[in-house]
Amino acid sequence: MHIVFVPCFDFSCRFLVTCWAFLSSLYVVNDFRCRASRVKLLSDAERATGGVLREFLEKYGKVLDPDKEVKRLGQMHKESAKAIVEDYELPMTAEEYSLAVMPIYQQRWSQAQELPGVNRLIQHLHKHGVPLGLASNSIKRHIGTKISHQPGWKELFSVIIGGDEVSHGKPSPDIFLEAARRLGFDASSCLVIEDSPVGVRAAKDAGTTVVAVPSLQNQAERYSIANYVLRSLLEFQPELWGLPPFEDWIQNALPIEPLYAKGLIREAVAQNSSVILSIDSDNGSYDTLPDQISGIFFGWAKLQIQGIFKMVAAVSWDFSTGFSRRIIKPFILGEINNFIMEPLQLVFVGYVRKLFDEETVLDADIPTKEDASIAWNALDLPDFGKDAAEFSYKT
């Protein structure tokens, strides 16, 4: 996993340290004098490379076991390669497996996109003179390759540490301790933002305070030792950790890089001046939405027959059935006809807020009237206009 140490400044002295992994992570630091805190940078590298192991195993007549792979999340490559060869009884050594599979991973790293909130955060910290360092269980040269696909990122990090530069990778605390040492801070004054259970454990054992942004949505108990849990980096508030606050909100709305989903309308129910849509995602796709996305979003809905409408939506996960289900509950801000199974595209261009602890995406009054009002007004502004919505993205 990639983790970032960011030494934060409190008043005149604040730093942020960041560490990086297969998904990215960020590390933050803060204190009156100079205290470290760790924030996790997250990219969708795992989504971009998600099919590599499955395809590789199929060549040898093996079937991928998701439960085993979840437990490997955040491991060093050498450890996971050895375990994969043993678990699937592959006819090769761990070294031979690495030589065969790594070029396939490398081809797909270029497809990975930063998760919502990541680029915003590191650019914000850099703008305010917050030094960034990068540390990861990945081999150091692989870290360089991965971040080379994100324009400008390499120049933002003053320290980059790979798992091959410490004696033990996560869940050992070595990589966090070394990152703090190179940046000149004591790990006990660091705040860590992490997405993997092994990373959370490593950070806690290093003596840091930990904020988790779970990549395993249905395994909340594995993050219970974290001091605080976010569902998305869009929820991160720098001022809570003594960092300069964001200044990019526009009339209570945050511009984001467009996110996309599509499906078929299963049902349309009128509610006041809005229409709640039930979407058949089996005939569409939520695949482009990162797992670490939750909250109230807004943008544009394109119905194949009826045209383009303003839209606000609650987006999150539902675990009530014992299974993980991605839920998108869009409200069309206007009147439409109930064309069952009409193709629908959603383009999210803005973010309003997180879902509070007492709220769920399935609540009848979520999104609220206030959420809809914020979305309606924001969508009249150039930053959120139809020009920001590329409906040709997935047709």
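A residue counts as buried when its relative accessible area is under 20%. Asp371, at 2%, is therefore buried, and so is Arg353, at 14%. Keep in mind that this is a predicted model.

**A buried pair**

Those two residues meet each other: Arg353 and Asp371 form a salt bridge, with the closest N and O atoms 2.9 Å apart. Arg353 sits in strand β15 (residues 343-353) and Asp371 in helix α10 (residues 369-378), so the bridge links distant parts of the chain, 18 residues apart.

**The salt bridges around Glu165**

The count of salt bridges comes to 11. Some of them join up: Lys140, Glu165, Glu178, Arg181 and Arg182 are linked in a network. Glu165 is a good place to start looking. Its side chain meets that of Arg182 in a salt bridge of 3.5 Å, N to O. Because Glu165 lies in the loop between β6 and α8 while Arg182 lies in helix α8, that pair ties together parts 17 residues apart in sequence.

Glu165 also bridges to Lys140, with 3.8 Å between the closest N and O atoms. Here the partner is in helix α7 (residues 140-147), so the pair ties together parts that are 25 residues apart in sequence.

Are these residues buried or partly exposed? Glu165 counts as partly exposed, as does Lys140, and Arg182 is partly exposed too. Here are the values:

| Residue | Relative accessible area |
|---|---|
| Glu165 | 32% |
| Lys140 | 35% |
| Arg182 | 34% |

**Helix α8**

Helix α8 spans residues 174-183, and its buried residues are Ile175, Phe176, Glu178, Ala179, Ala180 and Leu183. Glu178 turns up in the salt-bridge network as well. Leu183 has a relative accessible area of 17%, so it falls in the buried class. Leu183 and Gly133 are 50 residues apart in sequence, yet 7.8 Å apart in space, C-alpha to C-alpha. Just after α8, Gly184 takes a positive phi of about 85 degrees.

**Where α4 meets α5**

Helix α4 (residues 77-87) packs against helix α5 (residues 94-109) at an angle of about 105 degrees, with the axes 9 Å apart. The two helices are therefore roughly perpendicular to each other. Which residues in α4 and α5 meet? From α4 come His77, Ala81, Lys82, Ile84 and Val85, and from α5 come Ala94, Tyr97, Ser98 and Met102. By class, this contact has six nonpolar, two polar and one charged residues.

Definitions and conventions: Residues are numbered from 1 along each chain as its sequence is written. This is a predicted model: local features need pLDDT of at least 70, side-chain atom pairs count only at pLDDT 80 or more; totals for chains, interfaces and linings use all residues. Side-chain values use heavy atoms; hydrogens and water are left out. Buried means under 20% relative accessible area, exposed over 50%, partly exposed in between (1.4 Å probe, protein chains only). Helices (H or I, at least four residues) and strands (E, at least two) are DSSP runs, numbered from the N terminus. Axes are lines fitted to C-alpha atoms, for helices over the stretch in contact, and angles run from 0 to 180 degrees between N-to-C directions. Angles under 35 degrees count as roughly parallel, over 145 as roughly antiparallel, 65 to 115 as roughly perpendicular and the rest as oblique. Contact means heavy atoms within 4.5 Å. Ala, Val, Leu, Ile, Met, Phe, Trp, Tyr, Cys and Pro count as nonpolar, Asp, Glu, Lys and Arg as charged, and the others, Gly among them, as polar. A salt bridge is a side-chain nitrogen of Lys or Arg within 4 Å of a carboxyl oxygen of Asp or Glu.
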